[in-house]
Amino acid sequence: MAEVTERILELERRRSVAHMKFVQLLDEGRAQLLREVDAIEEELRQLVSLSGQLPVLIRWTPGPEVTVYHSEKHPCRRVSGRGRHRTSFQRTTEQQALNRGLTRCTACNWATHEREAAEAHA
Ligand SMILES: [Zn+2]
């Protein structure tokens, strides 16, 4: 009888170990998936950025010389702030803005804009 009890305990222990191994494999698989997806999304984001097709905004109204362009999707307060109007800005592509010698506004949220554009392609 002691042998049977011993065998039962042994089987229960093995079942427990099998469960723990399964959970560990799941955790490792999840971590690997996240690493791969992160790398893919980063490359997608870079491609979208390099494509020059991101929609951007350039002010056309009179004022200080225009040197920067803004994110169309996640603009800073120079576009969306109080007293500012989207109609003061012309919509174009980033490549067009670069061709005019303009540079990215550093206040706009380009990271989010690029990520969303990359996700739209995914
Ligand atoms: Zn801006």
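How many bridges join strand 1 (residues 55-59) to strand 2 (residues 68-71), and which way do the two strands run? Two bridges join them, and the strands run antiparallel. Keep in mind while reading that this is a predicted model. Here are my notes.

1. Let's start with the parts list. The protein has four helices and four strands. Walking along from the N terminus, you meet them in the order α-β-β-α-β-α-β-α.

2. Now the overall shape. The C-alpha trace spans about 95 × 30 × 20 Å along its principal axes. The radius of gyration is 27 Å, while a compact globule of 122 residues would come out near 14 Å. Of those 122 residues, 16% count as buried. Even so, 75% of the contacts with a separation of 6 or more are between residues 24 or more positions apart.

3. Take a look at helix 1, which covers residues 2-51. From its first C-alpha to its last, this helix of 50 residues reaches 73 Å, close to the 74 Å expected at 1.5 Å a residue. Helix 1 is hardly covered, with a count of two buried residues among its 50. After the helix comes Gly-52, whose phi is positive, near 75°.

4. On to the sheet. The four strands make an open sheet in the order 3-1-2-4, with mixed pairing. Its edges are strand 3 (89-93) and strand 4 (103-104), each of which pairs on one side only. Strand 1 and strand 3 run antiparallel and are joined by five bridges. Strand 2 and strand 4, on the other hand, pair in the parallel sense over two bridges.

5. If you like to check a sheet residue by residue, Leu-57 is a handy place to begin. Leu-57 stands opposite His-70 in strand 2, and opposite Arg-91 in strand 3. Next door, Val-56 has Ser-71 as its bridge partner in strand 2. For the parallel pair, find Tyr-69, which stands opposite Arg-104 in strand 4.

6. What about the inside? The largest nonpolar core has nine residues: Val-48, Leu-54, Val-56, Leu-57, Tyr-69, Val-79, Phe-89, Ala-97 and Ala-117. One member worth clicking on is Tyr-69. Setting aside residues up to four places away in sequence, Tyr-69 touches Val-56, Leu-57, Ile-58, Ala-97, Leu-102, Arg-104 and Cys-105.

7. Helix 4 (residues 110-121) makes a good exercise. Its 12 residues should span 16 Å at 1.5 Å a residue, and the end C-alpha atoms are 17 Å apart, which agrees. Which residues of helix 4 are buried? They are Trp-110, His-113, Glu-114 and Ala-117. Looking down the axis of helix 4, you'd see the buried residues fall within an arc of 95°, so they line one face of the helix. The numbering pattern has a simple background: an α-helix has 3.6 residues a turn, so residues three or four places apart point the same way. On the face of helix 4 turned away from its buried side sit the exposed residues Ala-111, Thr-112 and Glu-119. As for what covers the buried residues of helix 4, the list includes helix 1, strand 2 and strand 4.

8. Last, a tryptophan to look up. Trp-60 is found in the loop between strand 1 and strand 2. Is Trp-60 buried or exposed? Trp-60 is exposed, because just 11 other C-beta atoms lie within 10 Å, and a residue with 12 or fewer counts as exposed. Apart from its neighbours within four places in sequence, Trp-60 is in contact with Ser-88, Phe-89 and Gln-90. Compare that with Arg-45, which is 15 residues from Trp-60 along the chain: their C-alpha atoms are separated by 28 Å.

Definitions and conventions
Residues are numbered from 1 along each chain as its sequence is written. This is a predicted model: local features need pLDDT of at least 70, side-chain atom pairs count only at pLDDT 80 or more; totals for chains, interfaces and linings use all residues. Two strands pair if DSSP finds at least two bridges between them. The expected span of a helix is 1.5 Å times one less than its number of residues. A residue is buried if 20 or more other C-beta atoms lie within 10 Å of its own, exposed if 12 or fewer, and partly exposed in between; C-beta atoms are placed from the backbone. A nonpolar core is a set of buried Ala, Val, Leu, Ile, Met, Phe, Trp, Tyr and Cys residues joined through C-beta atoms within 7 Å. Two residues are in contact if their C-beta atoms, placed from the backbone, lie within 7 Å. The arc is that of the directions from the helix axis to the C-beta atoms. The radius of gyration is taken over C-alpha atoms; the globule rule is 2.2 Å times the number of residues to the power 0.38.
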